[in-house]
Each structure stands twice: as structure tokens, then as C-alpha cells.
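Here is a short walk through a structure you may be meeting for the first time. Have a look at it, and then we'll go through its parts one at a time.

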Amino acid sequence: MKTGKKVTLFAAVAALSLSLAGCSGAGDAAEAGGSDDGEITIALVSKGFQHQFWQAVKQGAEQRAEELGVTVTFDGPAAETEIDGQLQMLQAAIDKKPDAIGFAALDPEACIPLYENAEAAGIPVVEFDAGCSSDYGQAIAKTDSLGAGALAADRMAELIGGEGEVAIVGHSQINSTGVERRDGFIDRIESEYPDIEIVDTQYGDGDHLKSADIAKTMIQAHPDLKGIYGTNEGSAIGVVNAVGELGLGEDELTIVGFDSGQAQLDAISDGTMAGAITQNPIGIGEEVVQAAYDIINGDTPEEVIDTGYFWYDAANIEDEEIAAVLYK
Amino acid sequence: MNASPVLEGNPKTDQPVSGRSDNALTFLRAKLQQSLAFGTLIVLVIFFSIASENFFQWSNISSILLATAVIGILALGTTFVIITGGIDLSIGTGMTLAAVMTGIFLVNMQLPLLVGVIGGLLTGALMGFINGVNIAILKLPPFIATLAMMMIAQGLALVISGVRPIYFSGVDGFKDIALGTLIPGLPNAVLILFILAIVAYLLLSKTLFGRYTFAIGSNEEATRLSGVNTRKWLIVVYTVAGLFTGFAGVVIASRLDSAQPQIGMGYELQAIAAVIIGGTSLLGGRGSIMGTVIGALIMSVLINGLRIMSIQTEWQNVVVGVVILIAVFTDTLRQRRSAS
């Protein structure tokens, strides 16, 4: 009986490892050739891939990889709530034994044990967008989200004349970008602009439809509302849609957005949206690959690589510096 | 066993096969559930009107109705499925796939507006048809069959769109499908919801299809033994649900003026919740379109009201969850009472 069970278990494990080996064929090949012919593989595990932002990060990563002559893989869960799914992808990446891993943490704590696995396997880990609370991550390329939120607050204050009611349509009360973009905004308003009141903060998960319904309710509940800040693309476009559906004029509500995307660029060009904060997603992709490359070659990249953020509006949307970091 | 097809209008199949239960009593019970749901809706409206002066205004009522449109249309279609004792989890992402396909037809292929919209509707109907075949012919449990379809639709929506939103800005008249106002002050999406509700009501209560839907839900085996081709009718039920999914896809795409391939997950649960709050039994055999419409309105009035009162998003979810629990609990309580 006992041996029978063991045999079954062994067979199962063997079958599993065979199938895993089958899946990770490319990774093994890279590892085998890694030290000999110099082909380097960097596995990136992102927070997602559906959002245009992550597509831009991927684009930057692939650009830099081509320049450096390395191979990158890009993977991410279907939704930014799938913390568990992301960890499985990270483990799969470790199992493939790439030369380095780039990781954007959906949850800063859940990833710690996997970082230990990576350390045990001798694979260096760099991070992008959001880090893990482990010491093993050796560099991070990201936007200073608190600073970006504060810049949004400054612009909002300027646009509404330093007084009145504003509200926030957030995209997450959990993940770090959602929290920091909100807190950066709130802290700056509270410390610098005593005549501005933040009357409401609600979360639409970055879903355009939900965010539109939220914004309409806010406008309904606060007839004197002067401005709404949307903390990501879906949130900001939701606010734009709400204003369109209610038939409000340009001057009746000031909308400040975040990130880009075709709809947001259009809204800014036609004046529906006052302006938005853009990060540099292509830069994030480039820098994380560069940092991984440096570590593989024995160099030490900066611990925190701030890829920057910018305010853009109808006036500077065409500028070369801005146009380069916007995506459609 | 009689293999010959049932005669249309056969008096035996005029009523659900539930048998012993008194028809008048069934009717009364259904009315009671509806009036209970309707009463809840009225109480909520009165409560929020007192809580916030900004609630009971036409602009807000119009917002609430518009917010009900997409979930409401999904809920209408899935009412048929739930009455047969099944479930359809694929309606949320199926809606998204229908929206993406509408985008492909209208933007990428530049087809005429009507053709593109019909294409979007048929996308939904096709998914429903496949669900129906998997459930009726291949005998997959509805939960599993539609769970798989939910994932397939989500994946296909991403693949086909290239993980990018499709914008309809160049398509004349598309946005008016949902946001035009044939009746001044009332967005067309709301009109579509009400028209579809009337169509669904007629289908369910005035046609043979409706009677078989109830009969399958009451007792599929008995229905089959009485000569009804239950496989065929189950496929029709899921196809109809898919068609409504297609309508929801066109409406959401029109309202957002774009097909957003990443959304849709979770919409199916809201739609199912609306159906259940409206008194349709998850066990099958019992339900109504009127109830579903009221259930969908209860959901959106509740969410709108809580938002107007600036209740935190986290608490909104708790309140909606509690309302669903209460709705299902009162329903089972009444069933138990009528059974004893």
C-alpha cells in the first residue's frame, strides 16, 4: 500500500516536472546557453497586461532589450486583483531560471517567500512600478506616485482658483499606486490649500462605466463641486463621460486626470479635461531592463530609479518631451 | 413513452408541470414576492430622498435609470436561464466580447451601423447557442459550461482587440444608441432596457417558449416525458440569454463610445443578484421579468443613494451584500411556509 502510494506520487511528480520542462523549454535553453554564448534572458512579471499602461511598459522593455541584445519575456495576471495568480507567474519565472527577474508587486508582502526562492536559486531580482517588502530586490524603476499626486493637487488648485469643493474618483484603495496618488493629492490640498475642501473619495476600480456613474453621483450630491481628480485612465475617462452625459459645459467642472490613452488625449485636446499627470511607462520598461542587465554584468544600478512624471494639457501635449511619454 | 412532438397549445403543457400546487396560490406567491421587492424599492427611494435633498431630482433619477441599463439588460436575459434552474456566468465577459466584435465590425471593417450592431448582437447569441449546446447536448453542468465560456469570452475579447480599447469616435450615430434622447431627458439606453423588458415579459408569459422555460425549471424530466423536446428549448433559452448579452454589449460600447476589452468580469454576478432580489428562484421553476426589473432598480438605487450620502465604497459593498442575503432569506422563508 505504502509503496503503491509512493509510486503513484512519484509518477505524478514526474509527469508534472515533465510538463513543466515542456513549458519552460525556452527558459532552459537560455540557461544552458546563458554563460556560453552570452544570450541573456530577463523575465518580467507585471501587474497586468490589459491596461495600455502595461503595454507601454512592455514596449519600453522590448526596445531596451533589443538595444542590449537580450531577450525579455513579459507576463502578468488578467486583473490587478489577482495577487495569487501573479505569484504563480513569479514562481514559474523562477523555475525557468532566467538570468534576472523584473517584478512589479501587486501585494508588497505576499511576494516575500518567493523572493527567498529566487535568492536560493541565485536569480537577481529588480523591480518596477511597485516593490516588494523584501531586501532582496536590488533596484526599482518607478514613478514617485506621492509626488505625482501632489502635482495633480497643485494644478487642480491653480485651475479652480485656490478655493472650493473637489472630489476624487480613485481606482484602488488597496494597491500602492492607487493609495499614493490619492494620498499625495489629499496631503498637498490639506497642507497648502486651506480653502479647498475634498468632499468625497470613491473607487471605481478603473472601470469606465462604474467611474462614470460615481462621478455623476458626486456631481449630483455636491452641486457646488468645482473639480474631480481621476487617479488613472479608466477613472479619469469615467469623469469625462459623466460630464458628457450630463451635458455640462467646459467651465462647469475642472477635470484632472492621470496617465494617457487615446480617449484622455482627445478629452484634453478638446478641452473637456483640463490636463493630466503622465508617468513615463516606456521609461519604466527601459530602466528595469537596463538595471537587470547591469546587475547581470556585475554593475550596481541605483537603488531607486525615478522615471519621472509630468503635467500635460492642451498647451504642451504636442511638445516633444511630452509626446514621447504619452501612449494611445 | 410518447415520442411524438407535443401539440402546440396542448392544454396539458399550458401550465408548469409542478402538478399538485394550486395555480392560484402560485400566482399569489409570485405577486407577493414582487410586491415585497416593489415595496423595498419604494422604501429605499423614500429613505434616500429624506437622507439627501439631492437624491430625488430628475437628473438623478435619469442617472439611476441609465446606470441600471447594462446590468438590467443582462439580468433580463439571465432570468430565463435561472428559471430553467441553470446559471449563466458568461454574460459579463460575453457582453465585453460582443462590444469588441461590434467595434471590429464598425471601426476595423467599416460596415454600416445597422450591420455592425446586428453583428454584435449575433456574437452574443452565438455564445449563448454554444452554451446551450454544451449544456443540453453535451450535458455539462451549466455552472461549468458557462464558467468556461466566461473565460473564453474574456480571452477572445483581449486577443481580438489586441489588448487595446476600440474607439467609435469615427462612427456616426453610434453614441446615440445609448445616449441619444428620443424621449427628451431620457437616454435611449433606458428606452432600450424598457422595450427589452416588455419583449422579455411577453416571451416569458405569453408564449410556448415561456411556458417550457418554466416547465423545464419545475421538472425537466417530467417535461421531457410529456413529449417536450427539452434539449431544443434549453438551447433556445441560452441563445436568448446570449442575445440579451449582445444587446448589453452594444449599449455599453455605445455609452463609453469605445469597446474596453478588460472590463466585464463581475457584471454577471450583479445581474444574477438583481434577478434573485427580484424573486426568481435559483432552484428554477419560478420567477418574473417584472421582478428582475425591480431587482435591478433596487441595486442601482441602493448604490446611487449610498454614493450620494458619501458612504465609503467598502461599506457600499457590505450593504448590497446584506440586501441580497435578506432577499434570498425572505424568499426561502416563504417557500418553507408554503411547503408546510
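How many residues of domain 1 of chain A are in contact with residues of domain 2 of chain A? Nine residues of domain 1 of chain A do so, and they meet nine residues of domain 2 of chain A. On the domain 1 side of chain A, the residues that touch domain 2 of chain A split into five nonpolar, three polar and one charged. Keep in mind that you're looking at a predicted model, with an ipTM of 0.80 and a pTM of 0.80.

**Chain A**

Let's step back to see where those two domains come from. Domain 1 of chain A is made of two pieces, 38–143 and 281–308, while domain 2 of chain A runs over 145–279. Taken over C-alpha atoms, the centres of domain 1 of chain A and domain 2 of chain A are 30 Å apart.

Chain A has 328 residues, and 52% of them are buried. You can count 12 helices and 12 strands in chain A. Among the contacts in chain A with a separation of 6 or more, 72% join residues 24 or more positions apart.

What does the record say about chain A? An unreviewed UniProt entry gives residues 42–299 of chain A the feature "domain: Periplasmic binding protein". That span of chain A is 48% helix and 20% strand, and its end C-alpha atoms lie 16 Å apart.

Now zoom in on E163(A). You'll find E163(A) in the loop between helix 6 (145–159) and strand 6 (164–170) of chain A. Is E163(A) buried or exposed? E163(A) counts as exposed because it has 12 C-beta neighbours inside 10 Å, and the cut-off for exposed is 12 or fewer. Even so, E163(A) has partners from elsewhere in the chain: leaving aside neighbours within four places in sequence, E163(A) is in contact with D195(A) and I196(A). The C-alpha atoms of E163(A) and I196(A) are separated by 4.5 Å, although these two residues are 33 residues apart along the chain.

**Chain B**

On to the other chain. The pLDDT of chain B averages 89, and 90% of the residues score at least 70. Take care with residues 1–20 of chain B, though: the pLDDT there is below 50, and this stretch has 29 contacts in the model beyond near neighbours in sequence.

An unreviewed UniProt entry marks several stretches of chain B as "transmembrane region", including residues 63–83 and 233–253. In the model, residues 63–83 of chain B are 100% helix and 0% strand, with the end C-alpha atoms 30 Å apart. Residues 233–253 of chain B are likewise 100% helix and 0% strand, and their end C-alpha atoms are also 30 Å apart.

**Where the chains meet**

The contact between the chains takes 27 residues from chain B and 25 residues from chain A. On the chain B side, helix 2 (58–83), helix 5 (142–161), helix 10 (230–256) and helix 12 (289–308) each supply at least two residues. Which helix of chain B gives the most to this side? Helix 2 of chain B does, with five residues. Sorted by type, the residues of chain B that touch chain A come to 12 nonpolar, 12 polar and three charged.

Helix 2 of chain B deserves a closer look. Helix 2 of chain B is largely enclosed by the rest of the structure, because 22 of its 26 residues are buried. Helix 2 of chain B also bends by about 45° at A69(B). Just after helix 2 of chain B comes G85(B), which takes a positive phi of about 90°.

**Two lysines with a positive phi**

Most residues other than glycine have a negative phi. Here are two lysines with a positive one.

| Residue | Phi | Loop | C-beta atoms within 10 Å |
|---|---|---|---|
| K97(A) | near 50° | between helix 4 (83–95) and strand 3 (100–103) of chain A | 19 other C-beta atoms |
| K139(B) | about 60° | between helix 4 (113–136) and helix 5 of chain B | 9 C-beta neighbours |

With those neighbour counts, K97(A) is partly exposed, whereas K139(B) counts as exposed.

Notes: Residues numbered from 1 in each chain as written. Chains lettered and ligands numbered in written order. Predicted model: local features only at pLDDT ≥ 70, side-chain atom pairs only at ≥ 80, totals over all residues. UniProt positions renumbered as here; feature names shortened; annotations may be inferred. Helix = DSSP H or I, 4+ residues; strand = E, 2+ residues; numbered from the N terminus. Domains from an automatic or database assignment. Contact = placed C-beta atoms within 7 Å. Nonpolar A, V, L, I, M, F, W, Y, C, P; charged D, E, K, R; others polar. Buried ≥ 20, exposed ≤ 12 C-beta atoms within 10 Å, placed from the backbone. pLDDT = per-residue confidence, 0-100. Bend = angle between axes of the 7 residues up to and from the residue.
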